[in-house]
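User: Please teach me how to read this structure step by step. I would like the general idea behind each feature, and then the case at hand.

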Amino acid sequence: CITVKELYRNTESYLDKEITVAGWVRSNRGSKAFGFLVMGDGSCFQTLQIVYHDNMGNFKEVSKLNVGAAVIVKGTLIATPEAKQPFEIQAAEVTVEGDSAPDYPLQKKRHSFEYLRTIPHLRARTNTFQAVFRVRSLIAYAIHQFFQEKGFVYVHTPLITGSDCEGAGEMFQVTTMDLNNIPKTEDGKIDYSQDFFGKETNLTVSGQLNGETYAMAFRDIYTFGPTFRAENSNTTRHAAEFWMIEPEMAFADLEDNMEVAEAMLKYVISYVLENAPEEMNFFNQFVDKGLLERLHGVLNSEFGHVTYTEAIEILEKNNDNFDYKVSWGCDLQTEHERYLTEQVFKRPIFVTDYPKDIKAFYMKLNEDGKTVAAMDCLVPGIGEIIGGSQREDDLGKLTGRMQELGLKEEDYGFYLDLRKYGSVRHSGFGLGFERCVMYLTGMGNIRDVIPFPRTVKNCEL
Ligand code: 4AD
Ligand code: MG
């Protein structure tokens, strides 16, 4: 079978030859003696017109095919210089793999994203979602290529874990216990010794801690896998299940970390502009009119840099216009992140050196004793897309911080070992994959860039 994309790419080599194509019917107009069937196969936006005649044994069946039917067509590719489309197939044979019921929900009209979210199993058949998921696939490939070319080792970190990386208490528990009859110990606590793993476990919120252990063996590693957060925030940029890319580099400080993050984003943008020009033009035309100009702008400039303390000074001047007023020590909300990137810097920026109290326990304490060597990358339209830091590599400082936060040393023995056996300065970050896809496609809702979104009160399919 030849794809429609291949026919458009190398038309000359197929003209006037017999070929076979396979796909789904987009429209079908039959008359008494002949009919026109338009089909697509998911390889590109273009569709293919098939002309069929009543010399085919199953002419009647074919002329009645509904939108959505699956067909295999054998025929000759003919140039049609006068027509809208450059060529069509004169069918010799149309094999009906499966007709479609007349109530097929995707008829010709445009459907809203909200409606399409109610049929996630079918929406991938529309132009917009075909473009999104072709580009999503390419971005994943580009990310692997970026790190592999630099010699990073891809590490598969576990999805079920016994530790809490971010310490934000947003974990989904994993258990085989009967929730209607939870075993209790004598002092009334849950008796995890009777659970599958014999201890409390959860779905991972980040592969970082495991990733760090491998960075201490390979120097440069990255993870790329699903992560889970039971954040009760019903926003356009939060999902309960999302994918994260987490590089971790030994012998690297915060500056090195930001350099890699910026190079990675630029690499991925270039890759997608080069390898999915039609999809990117489509997004620019139908989804986000400023997209291409913005992405080219990113490639041609350096990311901005600002410390958290400087950012707060800038934001405080605009406090009247924020729903949530800022002051030193508070976490930045989306409205503040977007103000900084959209109004002040007008490009992606790194915000560094956040107060230690709003960041995770593992971040390296700065000399001021108040801030940590953290960096968040914020982009226009979305806000935070990357969170990262240099890690605390001093055993004493790390255990001190863990005590302050009430983290038990016995739960993090492996992590402390890294500071005992050949500790070295090291850094890493996490890129939210869906937010990256949103940024590169201009899609405005995280539910529309992941095939089967899981959000608060929503776990269809
Ligand atoms: O900033 P976060 O929480 O950082 C970490 O998890 C670190 N352990 C990463 C590291 O240093 N290795 O999350 C990283 C990124 C965020 O910047 C955001 O893009 C994305 O993950 N993210 C989410 N994306 C979708 N839905 C959610 N609920 C997300 N939470 C975080
Ligand atoms: Mg973060």
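Analyst: Let us start with the vocabulary: helices (H or I, at least four residues) and strands (E, at least two) are DSSP runs, numbered from the N terminus. A residue is near a molecule or strand if one of its heavy atoms lies within 4 Å of it. With those terms in hand, strand S15 gives the most to the shell around ligand 1, with 5 residues. Please keep in mind that this is a predicted model, in which local features need pLDDT of at least 70 and side-chain atom pairs count only at pLDDT 80 or more, while totals for chains, interfaces and linings use all residues. Residues are numbered from 1 along each chain as its sequence is written, chains are lettered from A and ligands numbered from 1 in the order in which they are written, and side-chain values use heavy atoms, with hydrogens and water left out.

User: How many helices and strands are there in the protein?

Analyst: The protein has 13 helices and 16 strands, and its C-alpha atoms fill a box of roughly 85 × 60 × 45 Å along the principal axes. To judge cover, one calls a residue buried under 20% relative accessible area, exposed over 50% and partly exposed in between, with a 1.4 Å probe and protein chains only. On that scale, buried residues make up 49% of the 461 residues in the protein.

User: Which residues come nearest to ligand 1?

Analyst: There are 25 residues around ligand 1, and those that come nearest are Glu-166, Gln-208, Arg-229, Glu-246 and Glu-384. The classes follow a fixed rule: Ala, Val, Leu, Ile, Met, Phe, Trp, Tyr, Cys and Pro count as nonpolar, Asp, Glu, Lys and Arg as charged, and the others, Gly among them, as polar. Sorted in this way, the shell around ligand 1 has 9 nonpolar, 8 polar and 8 charged residues.

User: How should I read its polar contacts, and how much of ligand 1 does the protein bury?

Analyst: A polar contact is a pair of N or O atoms within 3.5 Å; within protein, one must be able to donate a hydrogen and the other to accept it, and residues adjacent in sequence count only if both atoms are side-chain atoms. For ligand 1, a nitrogen atom is 2.7 Å from an N or O atom in the side chain of Gln-208, and a nitrogen atom is 3.0 Å from an N or O atom in the side chain of Ser-206. The backbone takes part as well, since an N or O atom there in Phe-429 lies 3.4 Å from a nitrogen atom of ligand 1. Accessible areas come from the Shrake-Rupley method with a 1.4 Å probe, and for residues only the protein chains shown count as cover. Taken alone, ligand 1 exposes 630 Å², and the protein buries 94% of that. Strand S11 (241–250), strand S15 (383–390) and strand S16 (426–432) are the elements that give two or more residues to the shell.

User: In what order do the strands of the open sheet lie?

Analyst: Two strands pair if DSSP finds at least two bridges between them. Here 8 strands form an open sheet with mixed pairing, in the order S6-S10-S11-S16-S15-S14-S13-S12. Its edge strands, each pairing on one side only, are S6 (153–154) and S12 (304–307). Within the sheet, S15 and S16 pair in the antiparallel sense over 5 bridges, and Gly-387 stands opposite Gly-430 in S16. Elsewhere, strand S3 (residues 48–53) and strand S5 (residues 87–98) pair in the parallel sense over 3 bridges, whereas strand S4 (residues 70–79) and S5 pair in the antiparallel sense over 10 bridges.

User: Is Ser-389 buried or exposed?

Analyst: Ser-389, which is found in strand S15, counts as buried because its relative accessibility is 0%. Its side chain makes a polar contact of 2.7 Å with the side chain of Arg-391. Contact, in turn, means heavy atoms within 4.5 Å, and, not counting residues up to four places away in sequence, Ser-389 touches several residues, including Leu-254, Tyr-362 and Gly-428.

User: How many residues of helix H13 are buried?

Analyst: Helix H13 (residues 433–441) is mostly covered, with 9 of its 9 residues buried, among them Phe-433, Arg-435 and Tyr-439. Just after H13, Gly-442 takes a positive phi of about 80°. Tyr-439 is also one of the residues touched by Val-298, which is found in helix H8 (residues 291–299) and is buried, with a relative accessible area of 4%.
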